[in-house]
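Hi everyone, and thanks for coming. Please have a look at the structure on the screen, and then I'll walk you through it.

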Protein chains: 2
Amino acid sequence: MANDSSYKDKKVITIGIVRDLTGLSERQIRYYEERKLIFPERSPGGSRKYSFADVELLVEIANKIEDGVQTHEIRKEMLRAQKKQNQTDVTRKMIQGQLNAQFGLRKGPSSK
Amino acid sequence: MANDSSYKDKKVITIGIVRDLTGLSERQIRYYEERKLIFPERSPGGSRKYSFADVELLVEIANKIEDGVQTHEIRKEMLRAQKKQNQTDVTRKMIQGQLNAQFGLRKGPSSK
DNA sequence: CGTGTAAGGAATTCTGACACG
DNA sequence: CGTGTAAGGAATTCTGACACG
């Protein structure tokens with residue numbers, strides 16, 4: 001019932017590789033983090049770790065900035081998209097709850 | 001017609017992350033490379049880069065070694081599996097060729 | 001054979017700051 | 001605002017070798 005959680009979202013890529021993958025400078029990558037557009041994890045020693053999803057997001061961010069969109073605007077866009085997604089999740093769960101209440105599908109007290 | 005080529009096979013993970021992901025020591029990881037069981041790429045500076053597929057393979061290798069299988073045996077197993085896969089590919093391509101010759105599906109000179 | 005470790009060096013990454021526009 | 005850069009330091013990685021069993 002959970003998501004794939006497989007490779008795409010695992011934070012395992014260091015900044016140098018991300019630089020090579022995206023063509024961005026390390027300065028740019030760190031700056032977008034400073035502007036709250038990207039959220040790498042950290043190794044115990046403090047090195048940033050990114051996922052493939054992060055890499056793709058970085059490219060999108062860079063494209064928007066090239067189009068003259070400011071980081072603050074990009075951030076607001078992302079928050080809006082985030083909120084919409086959350087709402088979708090809530091809706092989906094509510095509907096699922098309704099269905100379960102009405103028909104008691106799966107996960108009901110099976111044995112005992 | 002080509003494969004996914006997406007995330008799983010991209011060599012983007014440094015050895016420290018692989019260590020954390022697998023629980024193996026860097027010594028072990030480098031040794032398995034020395035024994036031709038694993039083939040990381042290198043950064044321009046010489047740092048090893050692994051894929052998620054490599055990470056999974058390393059775990060399998062480590063399990064076999066725990067079972068007392070020697071690296072040389074593991075290597076032979078891998079070569080056998082490799083050969084079998086190649087044969088499968090060849091067979092698939094031959095059959096595809098037969099089909100194309102018989103029925104001329106797709107890729108035939110369509111327009112012009 | 002498979003792995004740990006200390007050794008020395010090189011590559012990688014980090015932060016805070018100054019610069020430009 | 002977004003990015004380049006030089007600066008100094010710390011974390012990361014590399015290789016070759018000795019050790020053990």
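Let me start with one term: a residue counts as near a molecule or strand if one of its heavy atoms lies within 4 Å of it. This is a predicted model, so local features need pLDDT of at least 70 and side-chain atom pairs count only at pLDDT 80 or more, while totals for chains, interfaces and linings use all residues. Residues are numbered from 1 along each chain as its sequence is written, chains are lettered from A and ligands numbered from 1 in the order in which they are written, and side-chain values use heavy atoms, with hydrogens and water left out.

Let's begin with DNA strand C. Which part of the strand faces the protein? Of the strand C atoms within 4 Å of the protein, 74% belong to sugar or phosphate, and the rest to bases. There are 23 residues around DNA strand C, and the closest are Arg48(A), Ser25(B), Tyr31(B), Tyr32(B) and Thr71(B). They divide into four nonpolar, eleven polar and eight charged residues. In that count, Ala, Val, Leu, Ile, Met, Phe, Trp, Tyr, Cys and Pro are nonpolar, Asp, Glu, Lys and Arg are charged, and the others, Gly among them, are polar.

Now for some polar contacts, meaning pairs of N or O atoms within 3.5 Å; within protein, one must be able to donate a hydrogen and the other to accept it, and residues adjacent in sequence count only if both atoms are side-chain atoms. The side chain of Tyr31(B) has an N or O atom 2.8 Å from a phosphate oxygen of DNA strand C. For Ser43(B) the corresponding distance is 3.0 Å, and for a polar side-chain atom of Arg35(B) it is 3.1 Å.

I'll be naming helices and strands, so here is how they are set: they are DSSP runs, helices being H or I with at least four residues and strands E with at least two, numbered from the N terminus. Helix 2 of chain B makes the largest contribution to the surface near DNA strand C, with four residues.

One residue from that closest group deserves a second look. Thr71(B) sits in helix 4 of chain B, which covers residues 71–103. Is Thr71(B) buried or exposed? Its relative accessible area is 10%, so Thr71(B) is buried. Here buried means under 20% relative accessible area, exposed over 50%, and partly exposed in between, using a 1.4 Å probe and protein chains only. Not counting residues up to four places away in sequence, Thr71(B) touches Tyr31(B), Arg35(B), Leu37(B) and Ile65(B), where contact means heavy atoms within 4.5 Å.

Over to DNA strand D. It is surrounded by 23 residues, and the closest are Ser25(A), Tyr31(A), Tyr32(A), Thr71(A) and Arg48(B). The side chain of Arg48(B) places an N or O atom 2.3 Å from a phosphate oxygen of this strand. Gln28(A) has a polar side-chain atom 3.0 Å from a phosphate oxygen of DNA strand D, and for Thr14(B) that distance is 3.2 Å. The elements giving two or more residues to the surface near DNA strand D are helix 2 (26–34) of chain A, plus helix 1 (15–22) and helix 2 (26–34) of chain B.

How are the two protein chains related? Chain B superposes on chain A by a rotation of 180° with 0.0 Å of shift along its axis, at an RMSD of 0.0 Å. That is the relation of a two-fold axis. Within chain B, Ile13(B) has the C-alpha nearest the axis, 2.8 Å from it. The superposition is by least squares on the C-alpha atoms of residues with pLDDT of at least 70 in both copies. As for the interface, 100% of chain B's interface residues are also interface residues in chain A, so the copies meet through the same surface.

Finally, the inside. In soluble globular proteins, nonpolar side chains tend to be buried together. The largest nonpolar core here has 36 residues, and Ile13(A) and Ile13(B) have the most contacts inside it. Such a core is a set of buried Ala, Val, Leu, Ile, Met, Phe, Trp, Tyr and Cys residues joined through side-chain atoms within 4.5 Å.

Beyond its neighbours within four places in sequence, Ile13(A) contacts residues including Val18(A), Phe52(A), Ser51(A) and, from the other chain, Val12(B). Ser51(A) lies in the loop between strand 2 (48–49) and helix 3 of chain A, and at 2% relative accessibility it counts as buried. The C-alpha atoms of Ser51(A) and Asp9(A) are 5.2 Å apart, although 42 residues separate them along the chain.
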